[in-house]
Amino acid sequence: KPASRPVRIQVIQTLGELKAESASDLVNSAILLDRGPWVARAAAKVAGRLRGSSSIDPLIRRVQYLESRSGDKPASDEPPDPSKDPSSDALEQHKKSERQVLEAPIHQALTAITKKSHTCAKEWAIWWAQNRKDYKVPP
C-alpha cells in the first residue's frame, strides 16, 4: 500500500530542505506521475529550490496537462472527513481544481530554475525545445 499523502509530502519537503541531489528522481516522478496534486505541488516547490535542469521537462509536461481540459478536474477525489478535519480550509482545498493547486507553483519552479518567465505551457515548451540541448542552469 502506498504511503499516505501527508507522508509523501513530508518526504519530498524534507529532501528539498536537505537539498539532496538524489531527490531529483523522486521529485520529478512526483511532479509527473503522482495523481495527488498536493504531492505534485510539494514536488514542484522542491524542484524550484533544487534548481536542477532534469525537472524542467516534467514541470512543462505537467503544466501542459493542467492546461488541457483534464486540469479542471477536482484536486481531491473525495471530500474531507469532518470528523478528522473539521476546518473549512479542508473543504476549500477540496473544491479547487488541479490547475488551481498546481499552476502557480509549477510556473514559479520553472522561473526559479531557468530565470525565465513564460505565461503558458506552449511558450515553455517552445523555449525548452530551442534550449534543452546545451542548457545550463543559470547561477
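**Exercise 1. Work out whether D57 is buried, partly exposed or exposed.**

Solution. Start with the number: in this predicted model, D57 has a relative accessibility of 24%. Next, bring in the cut-offs: buried means under 20%, and exposed means over 50%. The value for D57 falls in between, so D57 counts as partly exposed.

**Exercise 2. Find the salt-bridge partners of D57, and say which parts of the chain they come from.**

Solution. Step one: look at R61. Its side chain forms a salt bridge with D57, and the closest N and O atoms are 3.5 Å apart. Both residues sit in helix α4, which covers residues 56-67, and they are four residues apart, or about one turn of the helix. Here's the general idea behind that spacing: an α-helix has 3.6 residues a turn, so residues three or four places apart point the same way. As for R61, its relative accessibility is 44%, so R61 counts as partly exposed.

Step two: look at R132. The side chains of D57 and R132 also meet in a salt bridge, at 3.3 Å from N to O. D57 belongs to helix α4 while R132 belongs to the segment after α7, so this pair ties together parts that are 75 residues apart in sequence. With 43% relative accessibility, R132 counts as partly exposed.

**Exercise 3. Take the salt bridge between R62 and E98: which helices does it tie together, and are its two residues buried or exposed?**

Solution. First, the contact itself: the closest N and O atoms of R62 and E98 are 3.4 Å apart. Then the location: R62 lies in helix α4 and E98 in helix α6 (residues 98-114), so the pair ties together parts that are 36 residues apart in sequence. Now the accessibility: R62 has a relative accessible area of 5%, so R62 is buried. E98 comes out at 3%, so E98 is buried as well.

Last step, back to the other bridges: salt bridges with shared partners join D57, R61 and R132 into one network. Overall, the structure holds four salt bridges.

**Exercise 4. Sort out which residues of α1 are buried and which are exposed, and where they sit around the helix.**

Solution. Begin with the helix as a whole. α1 has 13 residues and reaches 18 Å from its first C-alpha to its last, close to the 18 Å expected at 1.5 Å a residue. Within α1, the residues I9, I12 and G16 are buried. They cover an arc of only 65° around the axis, so they lie on the same side of α1. Over on the other side, P6 and E17 are exposed.

Now try V11, which is also in helix α1 (residues 5-17). At 39% relative accessibility, V11 counts as partly exposed. V11 joins V7 and L26 in a nonpolar patch on the surface, and together they have about 220 Å² of accessible area.

**Exercise 5. Find out how far G48 is from G16, both in sequence and in space.**

Solution. Place G48 first: it is found in helix α3, residues 37-50. Its relative accessible area is 11%, so G48 is buried. Then compare the two separations: G48 and G16 are 32 residues apart in sequence, and their C-alpha atoms are 9.3 Å apart in space.

**Exercise 6. Describe how the rings of W124, W127 and Y135 pair up.**

Solution. For a bit of context, the structure holds four aromatic pairs. Take W124 and W127: their ring centres are 6.0 Å apart and their planes stand at 85°, so the pair is edge-to-face. These two are three residues apart in helix α7 (residues 121-131), which means they are separated by about one helical turn. Both W124 and W127 are buried.

Carry on to W127 and Y135. This aromatic pair is edge-to-face too, with 5.3 Å centre to centre and 80° between the planes. W127 and Y135 are both buried. Finally, put the pieces together: ring pairs link W124, W127, W128 and Y135 into a cluster.

**Exercise 7. Sum up the protein: how many helices and strands are there, and what share of the residues is buried?**

Solution. Count the elements: there are seven helices and zero strands. Reading along the sequence gives the pattern α-α-α-α-α-α-α. Then check burial: of the 139 residues in the protein, 36% are buried.

Notes:
Residues numbered from 1 in each chain as written. Predicted model: local features only at pLDDT ≥ 70, side-chain atom pairs only at ≥ 80, totals over all residues. Heavy atoms only, no water. Patch = residues over 30% accessible without salt bridge, like charges linked within 9 Å, V, L, I, M, F, W, Y side chains within 5 Å. Areas by Shrake-Rupley, 256 points an atom, 1.4 Å probe, with all protein chains shown as cover. Buried < 20%, exposed > 50% of the residue type's maximum accessible area, 1.4 Å probe, protein only. Phe/Tyr/Trp six-rings, centres within 6.5 Å; stacked < 30°, edge-to-face > 60°. Expected span 1.5 Å × (residues − 1). Arc of directions from axis to C-beta.
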